[in-house]
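Colleague: I've got this model open on my screen and I'd like to go through it with you. Can you take my questions one at a time?

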Amino acid sequence: MTGVPRRVGRSLDRRARLVGRDLRAFRPDVRWIVGVLRSFVVSFIALAVSLWLLPGQQVTQGTESIATLAIVLLAVGALLRPLLTRLTVLTGTVGLLIAGLLTQALLLGVALALVPTVETFGVGEIVIASWAAAVVSAAVNWLFDASSDEAFFGQVMGQSIRITQRHGASTRGLLVVQLDGVSAPLMRQAITGGAMPTVSRWLRSGSHRMQSWHTGLPATTPAGQAVLLHGNTTAVPSFRWYDKSQERLVVASQPPDVAAVESSFSTGDGLLAHGGVSVSNLFSGDAPTRILTISDARIPAKENATASFAVGRAGFVRSLVLFVGQVMTELHQGRRQRRRQVEPRVKRTGAFVLLRGLTTVVLRDLNVSIVSEHMARSAPVIFVDFVDYDEVAHHAGPSRPESMRTLENLDRVLQFFEEVANEVRGTYEIVVVSDHGQTQGTTFRQLTGSTLSQVVHELASHPSRSDDDDRPAEPWGPANVLLAGAVPGQRVLGAATRLAAQRTERAVTDLADQLVVAASGNLAHLYVTDEPGRLSGEDVAIRFPGLVEGLAAHPEIGLVMMRLASGTIRVLGSRGWRDLHAGVAADGDGEDPLVPFGPHAASDLGQLSDRDHVGDLVVVGRFDPDLQEVVAFEELVGSHGGLGGWQTEALLIEPASWVASTDPLDGTAVHQRLVRRLEELGLRGLP
C-alpha cells in the first residue's frame, strides 16, 4: 500500500515543479493586458449587479464607487490570474473554478471594508454581496481561462503525468509531427521572422538539423503520406483521379476511397506497423492504433483521451469558444484583404469560414490531447498530422500574416510535446516533417473566366456538365474525420461544416462524362472515360481534334504531357515540345516548355507518368519564375499538387544525433531514415 501514496507524492512534486517553472517564465504581454482589462469589466458588472440586488442604497457615489471596488479587485486579481491558470496542472479546470470563486470572494470582502463610499452593512449582507459577485465573475473568468492555451496545456500535462504514474515509462520512442503544407523555404522564413522560437532553439542549439526533401509529382498529402508512411511511390497520381477500372472518381478526402487506396498498397509492414499510433492522417502506416485516420475513421472504444477532452475536461467549451473566435477572425481577415485589394486572393466565405475553426481549433486540440496520452502510455512511434497551416494558407496565401500566425501556434504545440517528453519519457525523439509546400498565384478561373474543364470541353466540342469543377476537394478531410470518428460533442462541429460542403461534393463527383478533368492545384489529369487503359496522344488527337494543340497553346497553361503510341513521353508547350527520355528540346528553334519549371521538372514528370491511374493527358498550369506564382485550376490562392515554386520542397527536421544524409532527399529516403531509426532504437518488431 505504500507504493500508491509514494506515486501520488511524486506526481504532485512533478506538477508543482511545472507550476514553479511556468511562473518563473511568466512575463506580462499583450494577452496579459487584455486579461487585466477583461477582469475589470467583469468585476464592474458583477459588483453592480450584486450591490443592486441588496436592499437599500449601499453605494453613495454610484459608478465611481463600483469602479473603485473593481480597481481594487483588479490590482490583486491581475497578479493572481497567471497563478490560477497554471494551477490547472495540479487541480484541473474544476479546481480553477473553485479557486477563482474563493479568491474573488475574499478580495471583495476586503475591498468592501476599505472603500469609504460604500455604506456599512451587516456581515451577512457582506457575505451575500461578496459571494454573488464572486459567482458571476468567477464563472465568467473560468469560461475564458478554461479556454486559454495555458489552461488547456496544463490540463493535458496533468493528464499525461497521471497516466505515466499508472503505466510507467519505457526508455525510447519516436514522435513524428507532420506540419501539413509547410515548405522548407517557408520554415526558414518563419524562423528568421521569429514565428518559430522552439524550432529556432532546436536548430541553433544543435539538437536538431533541418533539410528539405523533394516531393516530385504530385505534391499532395496522399502522395506524401503514401511514401512517408508506407514507402509507396506509385499508387497516388493526384489528390483526386479517375479510376477507369471502377469507372468512378477517387477523392482522397473521402474515407471509403482512402481505405480502398491504402488496401491496394499496404504490405502490413508500414512505418507504424510495430506498435505505432496514427493520429489524424490520411493513411495508417499499418498502425495497430488508428485514431482520426481517414482510411479507418474511428476512435477505438478503449481510447478515452478524446472523451475526457470533450466532456470531462471542458474541451467542448474551449472548442466552441475558440471555434467562434476563429470564424470571426476569418471574416475580419477576409474583409481586410478585400478592402486593401490584396492580390492575388480568393473568396474567403462560405464553408471555409467553418473549416478554419474546425482545423485550427478542434482538430489541433484533439491531436494534442491524443498524442500526449499515447506518449504517456509509451507508444513506440506516433505519427500525427496538423493541417492548420495548409488550410489557412490555401485561402489566405502561403506567406500572408494569418498563415504565418498558424505557425506560431504550431510552434507552441511542438514546445508542449517537448515538455511532455521531458516529463513522461525523457528519451522521446521528436521529428518534424511536411508532405509538400505551397505556391501562391491567381487562379485559372480568375484569369480566363472559365474553369479548365469548360475550356477542355469547348476545345473538344463536347458540352460540359459542370461549371464549378474547380472547387477544392482537399479541405473536407478534417470534417469527414470528425463526422466519422469523433465523439458526439466534436461531431456537431464536423457535421455543421460538412453540411456546407455538400454542394462542393456534388460538383466533384457528378462528372459522369466522356471527358473528365481531375484537378489538384496547378496539376490536372484528363481522362477519356469510355476508353480502357491509358490512351496514346495520337488516339486522343484523333478522338478530339484540336484538343491537345489548343491546351498546349493556351496562355495560362504551362505544358501538356502525353504518352505517344511508341511509348515516348512528350511534353508540349505553346512555343515548343520535348521528349522526356531524349533529354533535349526537339522542335527546331522552339523553346523547351520545361525550362520555367526548374531542373527537376523532367524527372518529376517522368516519375508521374509511371504512376497508376495517370490521365490520358496531364496538364500543368503556367508558372511565372519572376513572381514565383502558379496558375491553379482550383479556386485556391495557395496551391500544391503540380510544378513551380515551393510546393515540391518539403521539410525534414531530425535530431542531430542521427547519421547525416549526404545525398539529396526524396520521400523514399525520408521513409527509410525513419524506419532505420526505429530499428536502431529497437522499436521495430514489437507486437
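What follows is our chat about the fold, the core and a few local spots.

Modeller: Ground rules to begin with: this is a predicted model, where local features need pLDDT of at least 70 and side-chain atom pairs count only at pLDDT 80 or more, while totals for chains, interfaces and linings use all residues. Residues are numbered from 1 along each chain as its sequence is written, and side-chain values use heavy atoms, with hydrogens and water left out.

Colleague: What is the mean pLDDT of the protein?

Modeller: pLDDT is the predictor's confidence in each residue, from 0 to 100. In this protein 65% of the residues reach 70 or more. The mean is 80.

Colleague: How many contacts beyond four places in sequence does the model have for residues 487-498?

Modeller: Take contact as heavy atoms within 4.5 Å. Over residues 56-62 pLDDT stays under 50, and the model has 13 such contacts there. Where pLDDT is low, the predicted coordinates should not be read in detail. Residues 487-498 also stay under 50, and for them the count is 36.

Colleague: How many helices and strands does the protein have?

Modeller: We use DSSP runs numbered from the N terminus, with helices (H or I) of at least four residues and strands (E) of at least two. By that reckoning the protein has 24 helices and 21 strands.

Colleague: What share of the 687 residues is buried?

Modeller: Buried means under 20% relative accessible area, exposed over 50%, and partly exposed in between, with a 1.4 Å probe and protein chains only. Counting over the 687 residues, the buried share is 59%.

Colleague: Which helix gives the most to the largest nonpolar core?

Modeller: A nonpolar core here is a set of buried Ala, Val, Leu, Ile, Met, Phe, Trp, Tyr and Cys residues joined through side-chain atoms within 4.5 Å. The largest one has 59 residues, and Leu175, Met187, Met375 and Phe417 touch the most other members. With eleven residues, the top contributor to this core is helix H13 (residues 351-376).

Colleague: How many residues are in the other core, the one with Val258 and Ala669?

Modeller: That core lies apart from the largest one. Leu271 and Val381 are also among its members. Its residue count is 44.

Colleague: Which residues does Met187 touch, not counting those up to four places away in sequence?

Modeller: Met187 is one of the residues that touch the most other members of the largest core. Setting aside residues up to four places away in sequence, its partners are Leu179, Val182, Met196, Val199, Met210, Leu651 and Ile653.

Colleague: How far apart in space are Ala195 and Arg405, C-alpha to C-alpha?

Modeller: Ala195 sits in the loop between helix H7 (184-192) and H8, and it counts as buried because its relative accessible area is 7%. Beyond four places in sequence, Ala195 is in contact with Ala190, Met404, Leu407, Glu408 and Asp411. Ala195 and Arg405 are 210 residues apart in sequence, yet in space the distance is 7.4 Å.

Colleague: Is Thr198 buried or exposed?

Modeller: Thr198 belongs to helix H8 (residues 197-205). Leaving out residues up to four places away in sequence, Thr198 touches Asp411, Leu414, Gln415 and Glu418. Its relative accessible area is 3%, so Thr198 is buried.

Colleague: Where is Pro344, which has a cis peptide bond from Glu343?

Modeller: The bond from Glu343 to Pro344 is cis, with omega near -10°. Another cis bond joins Leu217 and Pro218, with omega about 0°. As for Pro344, its place is the loop between H12 and H13.

Colleague: Is Glu247 buried or exposed?

Modeller: Glu247 lies in the loop between strand S3 (240-243) and strand S4 (248-251). Its phi is near 55°, a positive value in a residue other than glycine. Relative accessibility there is 61%, so Glu247 counts as exposed.

Colleague: And Ser378, buried or exposed?

Modeller: Ser378 is in the loop between H13 and strand S7 (381-386). Phi of Ser378 is near 70°, again positive in a residue other than glycine. At 18% relative accessibility, Ser378 counts as buried.
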